Amino acid sequence: MLDLSAPGASPSRRGFLKVSGAVGGGLMVGWWPLADAADAAAASAARPGYEANAFITIGADDSVTLTMAKVEMGQGIYTALATLMAEELEVDMNRVVLRAAPPDAKAYGAPFGDQFTGGSLSIRTMWEPMRQTGAATRMVLVQAAADGWKVPVAACHAEHGEVVHAASGRRIRYGQLVAAASRLPAPQKVALKPASAFKLIGKPLKRLDTQAKTNGTARFGIDAVLPGMLFASVAASPVFGGRLQSVNDAKALALPGVRQVVKLPNAVAVVADNTWYARQGVAALEIVWDEGANAALTTAAMQATVSAALLRPGAVARNQGDAQKMVDADPKKVEATYFNPLLAHAPMEPMNCTVHVRADSADIWVGTQVPARARDAAAKILGLAPEKVTLHNHLLGGGFGRRLEHDYIDQAVAIARQVPVPLKVTWTREEDIQHDIFRGMYAHKVSATLDTQGFPLALVHKLSGPSTLATFAPGWIKADQVDIDAVDGSVGYPYEIANMRTEHTREDGAIPTGFWRGVGPTRNLLVLESFMDELAFKAGKDPLAYRLAMLSKNPRATKVLKTAAERAGWGAPLPARSGRGIALMFAWDTYLAQVVDVAVDDDGTVKVQRVVCVVDCGTVVNPDTVAAQIQGGINFGLTAALYGEITIDKGRAVQSNFHDYPMLRMNEAPRIDVEIVPSTEPPGGIGEPGTAGVGAAFVNAVFAATGKRLYSLPAKPEQLAKAAKAV
């Protein structure tokens, strides 16, 4: 059961469990990060019912409430975390009620002391803590029953929300035990089930949020409705960094339904009785912008800037052997330069936020990946203490990293503070795309020197572009330090190459940039795995055999590559202007291989016909969720490969909606075959690998079909219309 009306965490890797009584006479079990253990214990003791980081609350009525440490944005984390808890607690999934965690980075901020959902980190960081909490809860309940029956605890066990004494046949429900259990200490040692005993983990369980999302009762941020609320639409400066110079709002204020015009330093908002009236009001505004220093900025200028940055020294993330010296000394070295364009997120639910500001407090209704950050930023804007601001988090209609930013919440709060009633601010699709926090533009130069068999003796990967991590979390890294996101996928490149160097030169630019699904590996693996194909071609070797020859010490990588190739029919002949490409990915502790089949029309249009994906992501919590994540990630990545590019002209984003920033349509989506390799390794990430791995396989397939290698995406028909099959 999913309680979607409740407002919307993660422990660090080390901590301790605590048992206490909950409000209403229930049992509450939490997992406290070790650094905050003393504070949490003191707070809990001082305030009965304090739930700062309680994960499981069992009521006297047998209810089982799980406080969700992560936000649900379609990735299935609500079901996955509930599965981990239910497995060890021995309760049925349909009895679990989910409650979104309140904003509290101190209590729930992990693994980096920040409360966020992203980076394919959720299962990896919650895998043990959530199971430990469930197991500890079960243990105190069993102990309470054994004490009451005066029998050895070893003679009792739990099943389906009851404790059973098999010898006597006595059974007692969890709800009947919570009072006694809440007086027991948390177990000092918690033994987790072996994988062989799993009843839920690894099974294709139904998602807990499906019913609400299919019957219309699920509540997203955009569904927030309050008595007496008004609605706002926004005209923001079309030029990045521009400011409001003047506005004539007389025509807007004369329109029916328009109540108010609010001015911000870089935007104007029209407040009205509904969003349609507000949009009409925005259209009637006569605005003069001070376009500022970026008024002449273009995509070409940005490309020139990141290209020039390649010539500057950067932060060295990997320096194995003597790669740079060997490449520099090789007159026959192979070199290529790649570009990653700006990309928008374009989630299904555009940016929106509802705010009610009062004299001494405020409420916010929104969907965010960073509830504590958003709450704290709002409090700062309003001049309130953070605890005076209540953030009601909702389901997210798509995140992909966009809702790791809180600019849209900041703007809504700044508008709402000037409006005396609750206010919903909704961006149009055009505003969403044109005022995104974009995936940054990057340039890559890759160089290799080869041995007599054509295999790389040395490989140098130099990239330039913004430091998303430094922007997201100022202070986490210094100016000369490595941005681990920027080089992710390159540092852990799994092939046996004796000399390899990865270096990133920071070039932030004028356009706001942030995380985008697949972050570093999506950029870097596209480049490296395409370049690897180029090296194989130069060596006259089959791309699969070429890769396998450099993976003799990596059985997991070898397994996914071979299995994907077999399932895809690698080596079988294809029709003219058709091609098959392969790529390997290792990131987020997950190995993944993809084989993409494409056909290229004479006019250069690329059709993706089939994708085979084999993944080894360690222990799987729910295979259905893994497959769905892979399928969604592949379609997301193919959208970028076929269509994704935000261009800048006169300081403005040119694209505005799905007519010129298209998404992959259902009739364009390929057949996707997913195979999961059985594994007992700890879980790896799965939310982003599908996206990160597909780009290179796509580029390699296009090359196989046409002989034309794409050094930047998207694959524009004019690039391929005249390309003849040459391989």
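In which sense do strand 9 and strand 19 pair, and over how many bridges? Here are some notes on that and a few other spots; please keep in mind that this is a predicted model.

1. Strand 9 (residues 230-236) pairs with strand 19 in the parallel sense, and three bridges link them. If you would like a residue to start from, look at A232, which stands opposite V425 in strand 19.

2. Strand 19 (residues 423-426) has another partner to look at. Strand 16 (residues 352-357) pairs with strand 19 in the antiparallel sense, over four bridges. Here T354 stands opposite K424 of strand 19.

3. How are the two faces of strand 19 placed, covered or open? Both are covered: L423 and V425 are buried on one side, and K424 and T426 are buried on the other. So that you can tie this to the pairing above: V425 is the residue opposite A232, while K424 is the one opposite T354.

4. Now to strand 5 (residues 96-100), which is mostly covered, with four of its five residues buried. Strand 4 (residues 64-68) runs parallel to strand 5, and five bridges join the two. Within this pair, T65 has V97 of strand 5 as its bridge partner. Between the two strands the chain passes through helix 2 (residues 77-89), giving a β-α-β crossover that is right-handed.

5. Helix 19 (residues 689-706) is worth a visit for its packing. Against helix 15 (residues 519-539), the angle is about 30 degrees and the axes lie 8 Å apart. Angles under 35 degrees count as roughly parallel, and helix 15 and helix 19 are therefore roughly parallel to each other. Their crossing is right-handed. Helix 15 makes the contact through P521, T522, L525, L526, E529, S530, D533 and F537, and helix 19 through T691, A692, G695, A696, V699, N700 and F703.

6. How does helix 18 (residues 623-643) pack with helix 19? The angle is about 45 degrees, with the axes 7 Å apart; helix 18 and helix 19 are therefore oblique to each other. This crossing, too, is right-handed. On the helix 18 side, the contact involves I630, G633, I634, F636, G637, L638, A641 and L642; on the helix 19 side, G690, T691, V694 and F698.

7. One residue to check when you turn the model: T691 of helix 19 takes part in the contact with helix 15 and also in the contact with helix 18.

Note on methods: Residues are numbered from 1 along each chain as its sequence is written. This is a predicted model: local features need pLDDT of at least 70, side-chain atom pairs count only at pLDDT 80 or more; totals for chains, interfaces and linings use all residues. Side-chain values use heavy atoms; hydrogens and water are left out. Buried means under 20% relative accessible area, exposed over 50%, partly exposed in between (1.4 Å probe, protein chains only). Two strands pair if DSSP finds at least two bridges between them. A crossover is right-handed if, with the strands pointing away from the viewer, the path from the first strand over the helix to the second runs clockwise. Axes are lines fitted to C-alpha atoms, for helices over the stretch in contact, and angles run from 0 to 180 degrees between N-to-C directions. Angles under 35 degrees count as roughly parallel, over 145 as roughly antiparallel, 65 to 115 as roughly perpendicular and the rest as oblique. A crossing is left-handed if the near helix is turned anticlockwise from the far one by less than a right angle, and right-handed if clockwise. Contact means heavy atoms within 4.5 Å.
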